[in-house]
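Reader: I should be grateful for a close account of a single part of this assembly, namely one interface between two chains. Please set out how the two sides meet.

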Protein chains: 6
Amino acid sequence: MKPIVVRNIERADADSVGVLGGLGVSTVHEAMGRLGLMKPYMRPVWPGGEAAGPAITVLAQPGDNWMIHVAVEQCRRGDVLVVACSSDSTDGMFGELLATSLRARGVLGLVLDAGCRDVKALKEMAFPVWSRAISAKGTVKSTLGAVNVPVVCAGALVNPGDVIIADDDGVVVVPAKNAADVADQGFKRKTDEDGKRQKLAAGTLGLDMYNMREPLAKAGLVYVDKPQDV
Amino acid sequence: MKPIVVRNIERADADSVGVLGGLGVSTVHEAMGRLGLMKPYMRPVWPGGEAAGPAITVLAQPGDNWMIHVAVEQCRRGDVLVVACSSDSTDGMFGELLATSLRARGVLGLVLDAGCRDVKALKEMAFPVWSRAISAKGTVKSTLGAVNVPVVCAGALVNPGDVIIADDDGVVVVPAKNAADVADQGFKRKTDEDGKRQKLAAGTLGLDMYNMREPLAKAGLVYVDKPQDV
Amino acid sequence: MKPIVVRNIERADADSVGVLGGLGVSTVHEAMGRLGLMKPYMRPVWPGGEAAGPAITVLAQPGDNWMIHVAVEQCRRGDVLVVACSSDSTDGMFGELLATSLRARGVLGLVLDAGCRDVKALKEMAFPVWSRAISAKGTVKSTLGAVNVPVVCAGALVNPGDVIIADDDGVVVVPAKNAADVADQGFKRKTDEDGKRQKLAAGTLGLDMYNMREPLAKAGLVYVDKPQDV
Amino acid sequence: MKPIVVRNIERADADSVGVLGGLGVSTVHEAMGRLGLMKPYMRPVWPGGEAAGPAITVLAQPGDNWMIHVAVEQCRRGDVLVVACSSDSTDGMFGELLATSLRARGVLGLVLDAGCRDVKALKEMAFPVWSRAISAKGTVKSTLGAVNVPVVCAGALVNPGDVIIADDDGVVVVPAKNAADVADQGFKRKTDEDGKRQKLAAGTLGLDMYNMREPLAKAGLVYVDKPQDV
Amino acid sequence: MKPIVVRNIERADADSVGVLGGLGVSTVHEAMGRLGLMKPYMRPVWPGGEAAGPAITVLAQPGDNWMIHVAVEQCRRGDVLVVACSSDSTDGMFGELLATSLRARGVLGLVLDAGCRDVKALKEMAFPVWSRAISAKGTVKSTLGAVNVPVVCAGALVNPGDVIIADDDGVVVVPAKNAADVADQGFKRKTDEDGKRQKLAAGTLGLDMYNMREPLAKAGLVYVDKPQDV
Amino acid sequence: MKPIVVRNIERADADSVGVLGGLGVSTVHEAMGRLGLMKPYMRPVWPGGEAAGPAITVLAQPGDNWMIHVAVEQCRRGDVLVVACSSDSTDGMFGELLATSLRARGVLGLVLDAGCRDVKALKEMAFPVWSRAISAKGTVKSTLGAVNVPVVCAGALVNPGDVIIADDDGVVVVPAKNAADVADQGFKRKTDEDGKRQKLAAGTLGLDMYNMREPLAKAGLVYVDKPQDV
């Protein structure tokens, strides 16, 4: 790995980021064609937080948070920091001090494929973090990594500048070049879902609303009246 | 697997369901002779929810929620939907739209051995879900399963109509035919525990209240004054 | 294993316990030289609880909570009970009744390398528990263990009388003989961090505050302007 | 749980057992309609062993192997012993002595949802065991369970007398009443697969042999010549 | 996800593949600067197998092996097939028949982030497979995926044509464009290691051979004669 | 943590080590009163190896094998090296070169709570390693740890000089001061087991040999003839 920091990255356009953030993780993931989702072990360290913004990426050595300090300087107002490790680790690479520093730069949240600490303080600050674990385990600052290179974080490929959307459902990544399209798709989907929700709330069955009865029968589904009829 | 839907099942009697729901998971599990508990990975997607009712069961292919749509139609007011998968999966098979539909039919909650999404909306709706994971991962609708057949869900056998009790301690299953007996046993146990709680709160030791000193001594327990006396 | 109960243990001094409790897990762990932390699977069963006190230790057979009943008698006001199992188990060894008994003796909290139940009641009582799992699975009372012997709990060695600090970040153990020193170190660290937090909040970069730029350059870190410059 | 031992169970017919054993786990699982498979954490403690026979079932308390001793007496020549635990455990409930006893009664193998020890001796004896873990952790003999009741073992329902088939691919359960049918289905499947294997070995593509090209195109699959054509 | 198959991909040059295969996973991973390694849960289904070749990639739906059938046609002599799933699954997507077909096309091995079956037959055929699990669980053929698109497999990014090296130590990916460089670096490293091995075998200490004594002392390492000297 | 190396440790006496090694892990663990066993995730990287000797202990930072190099110098003929990490890691801290060095000093094996690589070479050298994982992931050499201090390795406390016994059943630790006693107990147990094995092989039931029938009946075990008699 080349120990580099890329200073200038192309960020997804702000309008798309705004729309995607409003749609939320599950809708965006569907609008993406069911791609881009991080693994479900990535959970908010306190419930209810949300974040949406272009990714600043970090590739770190497990148990070593030196590169997060380096990355802070590359962050701008509205960014989301994404930290991947070169192997699995739950060590507590991030806490209140780094959150204070990110907040001062206008960063909206952190996605961290490792452990997070100072959970109570982060909640009081309302700084949202999605992580693999909560752990007070301290880390060293001795080995270089890289900032703003493509990383695989929790199973998803993240390029610097891609849009990160995170909420209680998890974290999804939208490639910068697709942001506008996915925002459009997601918006349509959401409108469509609003209509469906009303019908379902009024008692219409999904079987009818989605016209599933015929394909189910064709596939061979059989209704019987009692268990012994099987 | 035969792709069938059983329309008419025998539900546990409503009185027993009511009593069991009031007792809660831990007491019912004890009253059952410590049987019927689902594995502890089944957790509420939001804390504080509770549900008790007869089970409508679904056996689904992992990553495929077609049969949940089929099952909705078989649910009645007061039921709890139980979804098992034919192999382990964390994909998000259930979200706000299906919850809206279940709510419209009077279903009290969902027990799902897979992933759940739209957690924030479910909490706002106060629709309780116990699941293996929280995941936005979308699912397909292409392979048949079965509705109202016996299933193994999170390690527990569930027959259609069995009573499901779920709260912050997890999920327990009571066979329909045993519901009245278990409700009786649980009620006695609860009354008994109320008395014990008062004694313990007043400072009585469990050692004395449960008459443990003699069996402990018989089993060979030795008290020493200091570590070096060992 | 000798089935013994040690009656008189030397507890860490109360002043140090007080200071350590005020510092919290993450600061104490750092002040210890990054030692003594239990594994991150140890989580509070309800969020926001905190406990600090000398350890009463239990070594139990998995699925058997007999020795917890024995240990209650050895607890004094201000203690924290620590329960290790001789092999991994998630069975629910502890619930409301035992909590009532511990509360009556002035015990401040429980650290349990197994499962815990009656979560709702524990939260209402505000009795804090850190455990490996939440499980209603009942346990037997048939096999002896030991009380107030050294135990390995969630990967950390705990001697009776050691200081246990537990909060939302996890659980850390401070050997009784080091308690005063660690309290001093931790207090200095906390004061120092307060100053750093203010600087970072004001926009100073960690890179500058910690003088990292030179060692980073020495280690070979390279800044480039654009990805294609790599 | 009622602490009972059922003495007389109905075993699946020997002819079907013989055929099913010859087919192996993967073929039988397919012939069952993809049902009946235990979870993949069940692995042979030494590779290459195989077993097929009617199940004698045990429900045991975790960390307690008393009921295995009870079950030995109920086993006959050709049986396979299946041990489930009332909660997850890796403790070493079984080793060389019990294997010697089972071998003396003509038992063909053990399926154990817990830990196994004396692996080297078991391999030398060629006594096959499928288990969740290998562990030397000793167990107690203090709490009753049951023998020859229905159990859920590694996610699969096993009734006494059902056919157990186990090999390097895992463990599958065939209900006694379906044994003859599944044996027939499996035999046909195997014959059919032999023909397919020859065609595939000769270079025929599955795409053609299974006539997949048309349904793939219908489903929307697109072939492009180069990545940039996407 | 666009359901596409890319027909023509650029494969890493055969000479580099040959050298990299001879070096083995651990040496290649070091020569890459400690990048490109798949997660350690990827294990050979039988020990001792080795494979090296350009990747044909598949992105499949969990529990659905339709796209593997599609991918076979795109494979050439010397390729290694790499199958990623859109979410975690252990279902048995691959067995003897598909291996027969791949062997007929000259494919050298399979890397599969899911389950594999027919382990005994694969070993007899000497067809090497690295997978997340061994499982007989059958899969459906109903949902499209993609062939020869970039995939994340077991935490590593794989582009079609990249070099896959797999042996008993795991699986590593070398980007096609870096193959020659990494082969050179690896070759030097190997030669260098041969010399070191001889010195170490002769009793030279790594402390001396790597000149570690001075940096260790500088970092603060202290030697004491007895524990009480600490 | 103080970064120290303790040069002179007291090793368990060689005679006891010899006896304990001959008894094997499961027998020694029982003779210890069922204590001292490492967690079952510690598995041999190749099957069939065995090692017994006094422990040289290492506490290392995860992903950093510097201290293993330091520890080699402290090893003598007949020792077993035990490496614990300050937090969970699967990185490959050990391979062929270090094994060559340990072999040159007469070390009999390695117990490593992290990952191991060069598995094929280690098997060819017949150098036995028990580890948490197999992983080619390379490690750094930048942070100090300690050598010959007490460590918790895979859940077991290991003091320098304690006896390590490792085979296919796992790894057990015998405190140096208890080595002679445990060797005696284990020897008696083994002799006793030899007699039992012969009886069991001849068809005597454990129920009779251990006189279990009466305590089982007392505990409430009931025999019924058919399922419907329950």
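Author: The following account concerns the interface of chain C and chain A, with brief remarks on chain D at the end. The model is a predicted one, and every value below is computed from it.

The extent of the interface may be taken at the outset. On the side of chain C, 36 residues are in contact with 35 residues of chain A. About 3,100 Å² is buried between chain C and chain A, and carbon and sulfur atoms give 62% of that area.

Polar and charged groups also take part. Between chain C and chain A the count of salt bridges is five. In one salt bridge, the side chain of Glu50(C) meets that of Lys120(A), with a distance of 3.0 Å from N to O. Across this interface, 13 residue pairs, both residues at pLDDT 80 or more, are found in polar contact.

The side of chain C that touches chain A draws two or more residues from each of several elements: the helices α2 (25-31), α6 (179-201), α7 (206-209) and α8 (213-219), and the strand β13 (222-224). Of these, α6(C) supplies the largest share, five residues. Sorted by class, the side of chain C that touches chain A comprises 18 nonpolar, six polar and twelve charged residues.

The strand β13(C) deserves separate mention. It is joined by three bridges to strand β1 (residues 4-6) of chain A, and the two strands run parallel. Within this pairing, Val222(C) in β13(C) is the bridge partner of Ile4(A).

Chain D offers two further details. Met1(D) lies in the segment before β1 (4-6) of chain D. With a relative accessible area of 35%, Met1(D) is partly exposed. Leaving aside residues up to four places away in sequence, Met1(D) touches Met32(B), Gly33(B) and Leu35(B) of chain B, and Leu59(D), Leu144(D), Gly145(D) and Ala146(D) of chain D.

Helix α4 (residues 96-104) of chain D is mostly covered, with seven of its nine residues buried. The buried residues are Glu96(D), Leu97(D), Leu98(D), Ala99(D), Thr100(D), Ser101(D) and Leu102(D). Their cover includes α3 (66-72), β4 (80-85), β5 (92-94) and α5 (119-125) of chain D, together with α6 (179-201) of chain F. Just after α4(D), Gly106(D) adopts a positive phi of about 85°.

Note on methods:
Residues numbered from 1 in each chain as written. Chains lettered and ligands numbered in written order. Predicted model: local features only at pLDDT ≥ 70, side-chain atom pairs only at ≥ 80, totals over all residues. Heavy atoms only, no water. Helix = DSSP H or I, 4+ residues; strand = E, 2+ residues; numbered from the N terminus. Buried < 20%, exposed > 50% of the residue type's maximum accessible area, 1.4 Å probe, protein only. Contact = heavy atoms within 4.5 Å. Buried area = accessible area lost by both parts, 1.4 Å probe. Salt bridge = Lys/Arg side-chain N within 4 Å of Asp/Glu carboxyl O. Polar contact = N/O pair within 3.5 Å; in protein donor to acceptor, adjacent residues only side chain to side chain. Nonpolar A, V, L, I, M, F, W, Y, C, P; charged D, E, K, R; others polar. Pairing = 2+ DSSP bridges.
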